[in-house]
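Visitor: I'd like a close look at one part of this model, the way its strands are paired. Could you take me through it slowly?

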Amino acid sequence: MEVIKPGSKIDFIKIMPYAIVVSALLVTVSLCGIFIWPKPNWGIDFAGGTEIQVAFKQPIEMGKLREAMESLRVGDVKVQEWLGTGKANTNFLIRLEKLAEEPAATATETQPGGTAAGATGKTTTMVEAKITEVFGKGSFEILKSDYVGPKVGKELRNQGALAVIIANLLILVYVSLRFEFRYAFGAVIALFHDAIISAGLIVFTQKSFDLTIIAALLSIVGYSINDTIVVFDRIRENLSRHRRMTLFETVNAATNETLSRTLLTSFVTWLAVFCLWLLGGSSINGFAFCMMMGIIVGTYSSVFVASAYVVYTERLRDRRRTAAAATAGK
Amino acid sequence: MERGLIYRIGLVAGIMLVSVLALVPSIYYDYRGNKTLLPPWWPASFSNNLVLGLDLQGGMDLVVSVSAEEAVVNELRHYADLIQSNMRSDRVSFTKVDVDAHQRWLSVEYPDSASMLKGSEYIKKSFLELFVSEGEGTLKQVYVLREAAADQILKRSVDQVKQILGRRMDAFGLREPEIVVQGRNRVRLQLPGVTDPTRIKENITRTAKLEFMLVSEMGKLKEAAERESGGPPAGMVLASWTDPNNPEHKAECYFSSGSKIGEGPVGKDIKLLPGVAKTGEADNSTCYALREDVTVSGADLKDARPGYDPEQLSGSVVNFEFNMKGAQRFGKITGEHVNEQLAVVLEDRVMSAPVIRSRIFDRGQIEGGFTNAEATDLANVLRSGALDVNIKIEEERTVGASLGADSIHKGIQAALWGSVAVVVFMIFYYSVGGVIADLALLLNILLIMAALSLFGATLTLPGLAGIVLTVGMSVDANVLIFERAREELRVGKTPRSAMEAGYSKALWTILDSNITTLIGALVLLQWGTGPIKGFAVTLSLGIIFSVFTSVVVSRIIYEVMFYYRKGARLRIGIKVEPAAGAR
């Protein structure tokens, strides 16, 4: 079976200006989303705080649960229902943020009881005790509880951003070694493009931005470079084979020749990730969603963004050369 | 058949055999009972099994931190004690040896310059870790710890915390708890199968510092307060005491929210601590003045067991036994202070303050109205050793067993249907070629699972996600090869040379694209934590194996095919009329 018939002659160079406008727009909007509005809905990993998934045996009133949590007075309270496999009004996600900072445990302070865990380390225990008090013992089950201290949250955030940047730089180095630096730079611009737009999508859908999203962004970065490299490989091969063709023609031909493969592999991977999104359960849902979007953006960018960079720098160089020749001719 | 091909077949067969051997223990494993179902003759080197991550089997992942400052201050206090006692025995006179906990320095004051010279010479020679930061040559010298020494102390302190927590966790009989030092000042505890997270956390964070201190003649301050004012005044001041000989020596004891004591200038070596009610809570109505100069540390215990005291109807008690060193000191103090009150101080609360009736050597009892479980836990933490630094919970992740089971179920479903979708699509698109790519894919999954088993790596939910992603990505290499072969067929090459061209021309592209993906995965492996690391592991393995299965294994299948049927058609989903000259 063939989706893209051999000998397809789509003029990518002609579409490129439009693609660049669209990309620039998407990147700008995404950056605004990340830094200005609406800003990422930072998950507990990065924001710090406590998040508890609780399942009740019988449906309860969410308002009552929220009231109970607010009466703890430990920080900002968010209670929301999440759709697990259970009945309606039985599964809830409780999130406590901006927990009161505990006093620094210095050696001079006597701390009766000897437990220096402070209020923040104990929120899970407090929440459990409160639910038991209000709804009765054995009426619920704590499925999952996460507490991330403010220090750790900040570290995780910095590490995550660092990891994405380092991955990009290492890829830049590798691609420069295997191709010209110009290509490598084009590829990395495409990667940042993919990472930013994928992150933007998570921000605008207000999905929880947590560690798994960082994992997804890194996978997108590592994956979307594949398509770009396949196109670049073909450009290089064609440049040495058809010396009479211009770079633009070569890029066009190479993109067309590899189009079938690009779409096919992306689709297969997308198919697998789609199954993950559909069946993988709530903990992995954000990750799968981010990957699904990232694969689409990555495929688009390796066709348009990466080669566009190469094409336009070449055009610029040509123009300079002709200008230089013109002045030299005078 | 060529010799090279036979070698390659042998290699692949060998790898498959090892993989199957490595996977068997994970299949014959009772994950609930946590025991292997393998026959005893199974070779030990193949007996590792897949370890399920805490997110899949349920459990607790805890990161605690040790305060570097506190460890340093503790060490400085220790130095201060040594300096004082050594200078006393060397007859070097000094006014004061003090430790400032906030500035983290140690200061020594001398009455005259002669003793200053002698004293600073002694400190310089005996404490290489200290250096003078202020007051060189004056009568008050301030010392701070060298940075390298401070690092050393922190490291020792963190290692000690790790060991003590390990001993404390042993009592809970968890399966394979893992406790490791992380970074500079953190300890990570991975505790599978925790059923009562609250109790575990309490056992981890308490210091279990046990001391025996003589109650000062000031006695119970509450009595004094009552004598003076008939009860605690409305302000937070519960009790106050002034030394009749020196009005500057006065004590005030506050309780804010029942937990914290502020203290004013207290008489030399006097410490104020709250008592404990029979319920085990801090008792706001009693305050003890204790002599810090007459103490026995509870660190020198040989054993501690929960027990019942027939006279104590209010609850369980903990009986303990000193080791030689502890018994000597305990015997000396109890011998010297018969008929005085000795306070049993646990974690800075006075549990009880019985009157010493006669000299006691090696055993004692802690009472405090404990429940049976509390007494058991207390005995456990006392046996495991006291922490001399406070530890703080930095990160806690607990997954219930039922959610874990649910996650396994969903993860496997996703992996299964993801694979089915990819396998079916590949056959649909590339017909026989697709079947061969699918074989490579299945072998890839087998290799990933085998490698995880063999290295005893941990499988997490993101790890399962990594496998699903690998399933999608690993056919990429075969797609590249087939697309290339299709092009070659179209320009009229024979099936065999088209396939060979497909493999050789696509090779570098395959390597390039997989190496870049691997870079992303390895960065994640380096910077990721916990379950995310599991994702990076399966993804990295999947990428590496996919190159092997598609470039090596699927090629072998084609070569064998062409060996048996020289003119076989290349079925990769397109119809190409053989060019006239191609035969």
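Visitor: Which residue in E4(A) is the bridge partner of Ala55(A)?

Guide: Happy to walk you through it. This is a predicted model, in which local features need pLDDT of at least 70 and side-chain atom pairs count only at pLDDT 80 or more, while totals for chains, interfaces and linings use all residues. Residues are numbered from 1 along each chain as its sequence is written, with chains lettered from A and ligands numbered from 1 in the order in which they are written.

The partner of Ala55(A) is Asn91(A). Ala55(A) belongs to strand E2 (residues 49–56) of chain A, which runs antiparallel to strand E4 (residues 91–97) of chain A, with 6 bridges joining them. Strands here are DSSP runs (E, at least two residues) numbered from the N terminus, and two of them pair if DSSP finds at least two bridges between them. E4(A) is also joined by 6 bridges to strand E3 (residues 76–81) of chain A, again antiparallel. There, Val79(A) stands opposite Ile94(A).

Chain B offers antiparallel pairing too, in an open sheet of 3 strands ordered E16-E17-E20. Strand E16 (301–308) and strand E20 (363–370) of chain B are the edges, each pairing on one side only. Neighbouring strands of this sheet are turned by 20° against each other on average, direction ignored; the axes are lines fitted to C-alpha atoms, with angles running from 0 to 180 degrees between N-to-C directions. E16(B) meets strand E17 (residues 316–322) of chain B over 7 bridges, and within this pair Asp303(B) has Glu321(B) as its bridge partner.

Notes. Helix = DSSP H or I, 4+ residues; strand = E, 2+ residues; numbered from the N terminus.
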